[in-house]
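Me: Hi! I have a model open and would like to talk through its strands and its nonpolar packing. Could you help me?

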Amino acid sequence: MKTTGFIARRYLFSRKHISLISTLTIISIIGVTIGTALLIVVLSVFNGFFDVIQGFLLQNDPDLRIESTASNSFLFTEDMEQKLSDIPEVQAIASYAEGKALLAFEHSDDKVVQVQGIEPDEYFEVNNFKESINEGTLDLSVRNQRPGMLINGQVMNQLNLRVDDEVVLLSAAGMRKSLTQFSLPRSFRFQIRGSYSQLQITESPGVFIDKEAAQRLFEMRNTISGVDLRISNTDQAESVKEKLQASLGSEYKISTWYDLQKPLYDVMYLEKWSSYIILMIIVLVAVLNIIGSLTMIVIQKNRDIGILLTMGFTPSDIKNIFVRQGFYIGIIGCVIGGGVGLLLSWLQQQYGLIKLSSAFIIDAYPVSISYVDISIVLAGSLVLCLLASWYPAKRAAQVDPADAIRYD
C-alpha cells in the first residue's frame, strides 16, 4: 500500500528537527553500512587467499586422480584408457608409479624421499609444472647407461648435490625384503638432470624419474599407482568424478583436486565463514539501534497511530509501516555498504594497496570478488534489519486507539 510506505518514510526521515530518534536511525544505517562493507572485503580476501593456495597446489595436483581401492597398484588397460578418453571433459591423461626410497650420495647423508615415476610428455600436459624448473633440463631418458632424475631444489641444497651428479635410490620395499630374506637390496643409480623449485604447502614428490625406471625400482612390473586427469574446467571436477565412478565402478577410488587436499581446503572454508559470523556482530549492534529507534518512534507517535486506526487503518497496516522502516534502513545500509565494499575490494584487486611483508609468497593481500558471497552478505544484513523491526511493529499494532487519543 502506497500510504503505508509514505507514512513509514515520513516517520523515519522527518526533516522538521534532528531528534534522538533520527540520530539513532543514522547510527543504525552507518552500522549496517560498515558491517556490510567489512563483510564483503573480508570474504573477498579469504576468496583471494583460497585461489592463491589452490593455484600453488594445482601446480602439482591434478584435477582428478584415479587410484585402486584394493591395493597400492593396478593394471592400466587399454579398455580403461578408452573409457577415460570417451568422457568429453577429459583433456589429458597421465599415469604414474610412486613410492618412498632412500636417496644416497657418497659425499652427503642419506635421505628418504618421495619418488614419482612419470612419462614427461603426458605429465606436463596434466600438471602445470614446467615453470617450476630452475636448473638443468626435463630429460629423464637413459644416457650413458644412466636414467635421468629431476630433484627438488631444497633436497638438492640439503645434500649438496649438483646437476650431473650420480645418486643411488633404494626402495623402502626392497630394503624390507632384504631384511626378511637376508639378501642385499637392489640399488639403482640415476643421474641428476635438473632441479625444480616448488612452494610446498603439503608433501609433494621430492624426486621425479621415468615411469619404467620407477616400476623397476618398486618392483611393480607393468602396474601403476594411479592416473592423473586434466579436465576442461576445474570447477566441473565433482560432476566429472560422478561420471568416472559410474564408468569405472567401485574398485577404483576417484579424488578431485579438493579431495586431495580436503583438510586444508576445509580449514580455509571454516575460517572464512567463522569470520562471516563474527563480523555479523557489527550488523547486530546496528540491529539493536534499529529496535531502539523504532520503539521510540512507536512511543512518540502513539497518538498518530491511534488516529490512523480510527481512520480505518488495520493493525496489519500499522505493523507494515514499521516493518517498512526497518526495510528502508536495511536497504540504505546494504546499498551504501555494498558499494563501498565492492569499491575497496576492486581497488585492492587492481592496485594492491595493502602490502604484505617479504616473508609471504605474495606481495599484497589477494582479492577475489564472489557475487554469491556478496548476495549472502546483503541478504543476511537485510534479513536482520527486517527481524529488528518485528518487535516495534508488533507493539505498534497492539496500540488501543481509544486510549492513545484519550491520554495523548
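Me: Which residue in strand 7 does Val168 stand opposite?

Reply: Happy to help, and keep in mind that this is a predicted model. Strand 6 and strand 7 (residues 188-196) run antiparallel and are joined by four bridges. Within strand 7, Val168 stands opposite Arg189.

Me: And what is the bridge partner of Ala104 in strand 6?

Reply: Strand 2 (residues 90-104) also runs antiparallel to strand 6, with four bridges joining the two. In strand 6, Ala104 has as its bridge partner Val168.

Me: Why is strand 6 largely enclosed by the rest of the structure?

Reply: Strand 6 covers residues 166-171, and a residue counts as buried when its relative accessible area is under 20%. The strand is largely enclosed because, of its six residues, the number buried is five.

Me: Which helix gives the largest share of the largest nonpolar core?

Reply: That core has 33 residues, and Leu39, Ile305, Ile318 and Phe322 touch the most other members. Helices giving two or more residues to this core include helix 2 (20-57), helix 10 (262-300) and helix 12 (315-351). The largest share, 10 residues, comes from helix 10.

Me: Leaving aside neighbours within four places in sequence, which residues is Leu39 in contact with?

Reply: Here a contact needs heavy atoms within 4.5 Å. With neighbours within four places in sequence set aside, Leu39 is in contact with Tyr276, Leu279, Met280, Val283 and Val377.

Me: How many residues are in the other core that lies apart from it?

Reply: Among the members of this other core are Ile93, Val240, Trp257 and Tyr265. Its size is 26 residues.

Notes: Residues numbered from 1 in each chain as written. Predicted model: local features only at pLDDT ≥ 70, side-chain atom pairs only at ≥ 80, totals over all residues. Heavy atoms only, no water. Core = buried A, V, L, I, M, F, W, Y, C linked by side-chain atoms within 4.5 Å. Buried < 20%, exposed > 50% of the residue type's maximum accessible area, 1.4 Å probe, protein only. Pairing = 2+ DSSP bridges.
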